[in-house]
Amino acid sequence: MRAVLTWRDKAEQCVYDLAFKPDGTQLILAAGNRLLVYDTSDGTLLQPLKGHKDTVYCVAYAKDGKRFASGSADKSVIIWTSKLEGILKYTHNDSIQCVSYNPVTHQLASCSSSDFGLWSPEQKSVSKHKSSSKITCCSWTNDGQYLALGMFSGVISIRNRNGEEKVKIERPGGSLSPLWSICWSPSREEHNDILAVADWGQKLSFYQLSGKQIGKDRSLNFDPCCLSYFTKGEYILLGGSDKQVSLFTKDGVRLGTVGEQNSWVWTCKVKPDSNYVVVGCQDGTISFYQLIFSTVHGLYKDRYAYRDSMTDVIVQHLITEQKVRIKCKELVKKIAIYKNRLAVQLPEKILIHELYSDDSLDMRYRMKEKIVRKFECNLLVVCADHIILCQEKRLQCLSFSGVKEREWQMESLIRYIKVIGGPPGREGLLVGLKNGQILKIFVDSLFAIVLLKQATAVRCLDMSASRNKLAVVDENDTCLVYDIHTKELLFQEPNANSVAWNTQCEDMLCFSGGGYLNIKASTFPVHQQKLQGFVVGYNGSRIFCLHAFSMSAVEVPQSAPMYQYLDRKMFREAYQIACLGVTDTDWRELAMEALEGLEFETAKKAFTRVQDLRYLELINSIEERKKRGETNNDLFLADVFSYQGKFHEAARLYKRSGHENLALDMYTDLRMFEYAKDFLGSGDPKETKMLITKQADWARNINEPKAAVEMYISAGEHGKAIEISGDHGWVDTLIDIARKLDKAEREPLLMCAHYFKKLDNPGYAAETYLKIGDLKSLVHLHVDTQRWDEAFALGEKHPEFKDDIYVPYAQWLAENDRFEEAQKAFHKAGRQGEAVRVLEQLTHNAVVESRFNDAAYYYWMLSMQCLDIAQDPAQKDVMLGKFHHFQHLAELYHGYHAIQRYTEEPFSFHLPETLFNISRFLLHSLTKDTPLGISKVNTLFTLAKQSKALGAYKLARHAYDKLQGLQTPARFQKSIELGSLTIRSKPFQDSEELVPLCYRCSTNNPLLNNLGNVCINCRQPFVFSASSYEVLHLVEFYLEEGITDEEAISLIDLEAPRHKRENKWQEIASNTSQTLRLDETLDSMGDDDPFTAKLSFEVPCLLPAARVWFPVSRLHCFSISQMSP
């Protein structure tokens, strides 16, 4: 620290106090009975102010800059405006000793020998408070809450804003140590308010607001008359009987002298927010000083150590931004740092610190050695085991114990010294002298090695990482770079004040000067960018710059030097520069340039850095091709250009290398069809067609189907054109394509027909099928579109498609619940099996749904189907059996339909005789298995009811007895039980009128026939009426072989010959009466019976054995022996 006098003036009387206007532009001095107003910039006296009648002891400016106050021995206080006008005056009972403005409320405290007053602009009167002792000084806290009063008795009284005492500090010295100056610290960083106290016991003390003392008293060895803080509270100014102003730390450590005077210093203050100090003396001298705080620091690679608050050392890691503070509690004069060592020179000793570990990120230091001895030196350097002291021309090497081991005497003043590394105890020093000599000294050697000698003085120097080059900045601000071995000047650059080599790159250095940072690579031109400060280090992409009092690490992209190497196709060197730190864009540019230069190794590293897998795959493929023996660099470069988007250049290279097809593929893949056509010219038509096809594919992919269709048609790709048109429903386009196509182009036409059919245009589909003559597809079209009339018409012309028409038609009918028509269609199509299955399913459904009349009809149809199938000799026997079975089922279900309606419905449409006959018919037919759906209970229940009603009591009793053994529905229970009881009261016989007669043998058959529906005598089956189920007058017989049907019918129609018989009738007439008498014997009665007469007629020829039914009245030509049993 050094003080530079800015201006000085002298007043006629003693200067007791002074105050700065808050903005620092004016200075108010209390000199004699006047106030003097000075311009702080140049010391011009602006105006003297007269208002007091006696000596002015104190002056204070309000924080808001609107007014200031002065106090005088005339017991008055005057309030002045910033325009230097007095606006208010009030008095005390004694002379005014001090005044102070509240920094927040702007309340004025004025203190006299016996009391103190508090005044504010808001109140008219001044509130005064008595004091037990003379008040010599006062000060407000930062927040304006408390006022500290310093007494001549040595007591400190702390009052609130109302003047009430809150804390009283009685100091050990008492009245022997009267207080002469106190001041609260303005620091905002402190947690507690700190009061600095200077007394005439020649001590400096510090107290908290609570009255607790901080630390110990510090001896001053003079009587202090004034004490003031710097604006931020970092330093304290003290002046007094020692005729000088001293600078102290905020902790009371003396740092040095600001300015020596010729008389006592009664007042000193710091200009707000600056390093300017003004001093007022007993003899009236006013001195205005500028304090210059020199930078004390040291740098080694990425560790920077510097002085802070004059007594602390802060070590900063420039990469991680970590900081550590080392408190020395004394003025730090010099700092040196090297690897894990830190040396700090204090006024009376040198401290050696070391890191706790060898970790490059460790920031913990501990004391290693202490050399208790005062040294005078200009520069300090520390090594692994030594410290180097530089004093003008002399260098001294001391061990950490303080023993001088070596000394070197230089020819000229030493201007620069730097440790350049080496083994512990054998480090090398680089020394620059004022006479231009540059030397290298090893700490274990007595001899200095002269590296080179230049004509100008050395200001700064540095050696490259490989120790091959030396950079020097001379007193003319020129940077000179030498080859150490040849002593040759490689180049020089102007406007430099400091220089540093890049520790990671041999050929790169930077230097600063004129507000610019200059980066130079090899012998390329310098790259400049704005930068304030001095360059002190260069590591990778980081430049360490000292500006004012702070060190910063500036990240500087190494783009400019990298591009300089790229311009000369020096790809490997450019890669080394890029590794120091460039942007991703620069890495990509390096990769592209190296790739174009076919420097694949460098390109691969650069693309790896930017993680571009696409280009890495390209490089790998090229390397693989080179391994396989490919050597055509034009082809490799063409691939590179195509990847980079330089397609025309790539095409030219492909053509030059004889691979035109690759250029064409490139253009078509990129959908650059116009360029492809230009490239192709009037070449092979096949390639032109291929190109158009690819263009159409692209148009299709980018959702331009119209254009794609046109291109496909022009390229002859009708299939793709049809597919797109069909998918988009463009029927008109399909029609045009189909009509333009030749009928030989079957596949495209079939596709057209398919899409016509899909788009519900069967007419166009039919037209297309007819064009290609595909009648089968046409049939399927009619069938699929259910255009049955057209299908049937086509089937008539082409019988071979009969199955293709009628089978789907039958299925369609079946799906639409038109089963009978479906069955007929199956039958017509010759699908007898399907026809039978449909009928069987219909029958089953009818039975399940209790539609027994329908079931009977379907069984009858089934029997007819079986009869048709029986025409096939191979199936005759099986089908005839099925015919009889289905006929039997049809009869059963037809009869049971009435029974079911009778039992389920409340009213019956059939006569009791009919129900009686039906139930008997069913009962006799169900001697074996009962078909599905037919209920024996319903049948017996109907038989019982109708038998009882018609007088067949015996049969009714039998039916009721059978019902008793069956499980009957609950609704029938009561009726059955009642009928079973009441039938017991009836005769055990059946009515003779109900007994059936066999018309073959004229035998009366019982109502309950164990043989079933046949005659018990002749076993002739009964033939029943389909409506009333009465036994019909029909007899079944078989024609014998040799008789045709026509002959049999003619024989039946013949009149039977009659034998002449004796007339047995006798007629007797009288006048009063007429009598008819018949005489007849049993034989004659038998002979005259018409049925037996017919049976006795002998026919001269035999009929074929065919089964025929005829009414009995017509059987007059057959003998009994001709009847089938």
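Asp308, Asp312, Arg325 and Lys327 are joined to one another through a network of salt bridges, and the structure as a whole, which is a predicted model, holds 32 salt bridges. The protein chain comprises 1125 residues, of which 49% count as buried, and its secondary structure amounts to 29 helices and 59 strands. Among contacts in the protein chain between residues at least 6 apart in sequence, 42% join residues that are at least 24 apart.

Towards the N terminus, consecutive strands are paired through hairpins. Strand β3, spanning residues 26–31, pairs with strand β4, spanning residues 34–39, in the antiparallel sense over 6 bridges, and within this pairing Ala30 stands opposite Leu35 of β4. The hairpin of β3 and β4 has 2 residues between the strands, and Gly32 takes a positive phi near 65° there. Strand β4 also pairs with strand β5, which covers residues 44–50, again in the antiparallel sense and over 6 bridges; here Tyr38 has Leu45 in β5 as its bridge partner. In the hairpin of β4 and β5, which has 4 residues between the strands, a positive phi near 80° is found at Gly43.

A salt bridge is formed between Lys168 and Glu170, with the closest N and O atoms 3.7 Å apart. As regards accessibility, Lys168 is partly exposed, with a relative accessible area of 47%, whereas Glu170, at 61% relative accessibility, counts as exposed.

Further along the chain, an open sheet is formed by 4 strands in the order β22-β23-β24-β25, with antiparallel pairing. Its edges are occupied by β22 (224–229) and β25 (254–260), each of which pairs on one side only, and the twist from one strand to the next averages 25°. Strand β22 is joined by 5 bridges to strand β23, which consists of residues 235–240, and the two run antiparallel. Within the sheet, Tyr229 stands opposite Ile236 in β23. In general terms, the strands of a sheet pair through backbone hydrogen bonds, either parallel or antiparallel.

Another open sheet of 4 strands has the order β33-β34-β35-β36, and its pairing is likewise antiparallel. The edge strands of this sheet are β33 (334–338) and β36, each pairing on one side only, and the twist averages 20° from one strand to the next. Strand β33 and strand β34, the latter made up of residues 341–345, pair in the antiparallel sense over 5 bridges, with Tyr338 standing opposite Arg341 in β34.

A salt bridge also involves two strands named in the order of this sheet: the side chains of Glu354 and Lys368 meet at 3.9 Å, N to O. This pair links distant parts of the chain, since Glu354 lies in strand β35 (residues 350–355) and Lys368 in strand β36 (residues 365–371), the two being 14 residues apart. The two partners fall into separate accessibility classes: Glu354 is buried because its relative accessible area is 13%, which is under 20%, while Lys368 is partly exposed, with a relative accessible area of 32%.

Among the helices, a salt bridge is formed where the side chains of Glu623 and Lys604 meet, at 3.0 Å from N to O. The pair again links distant parts of the chain, with Glu623 in helix α5 (residues 613–627) and Lys604 in helix α4 (residues 600–610), 19 residues apart. Lys604 is partly exposed, its relative accessible area being 23%.

Helix α5 also packs against helix α6 (residues 633–644), the axes of the two coming within 11 Å and crossing at roughly 170°. This crossing angle is over 145 degrees, and α5 is therefore roughly antiparallel to α6. On the α5 side the contact is made by Arg614, Tyr615, Leu618, Ile622, Arg625 and Lys626, which meet Leu635, Phe636, Asp639, Val640, Tyr643 and Gln644 in α6. Sorted by class, the contact of α5 with α6 has 7 nonpolar, 1 polar and 4 charged residues.

Note on methods. Residues numbered from 1 in each chain as written. Predicted model: local features only at pLDDT ≥ 70, side-chain atom pairs only at ≥ 80, totals over all residues. Heavy atoms only, no water. Pairing = 2+ DSSP bridges. Axes fitted to C-alpha atoms, helices over the stretch in contact; angles between N-to-C directions. Salt bridge = Lys/Arg side-chain N within 4 Å of Asp/Glu carboxyl O. Buried < 20%, exposed > 50% of the residue type's maximum accessible area, 1.4 Å probe, protein only. Parallel < 35°, antiparallel > 145°, perpendicular 65-115°, else oblique. Contact = heavy atoms within 4.5 Å. Nonpolar A, V, L, I, M, F, W, Y, C, P; charged D, E, K, R; others polar.
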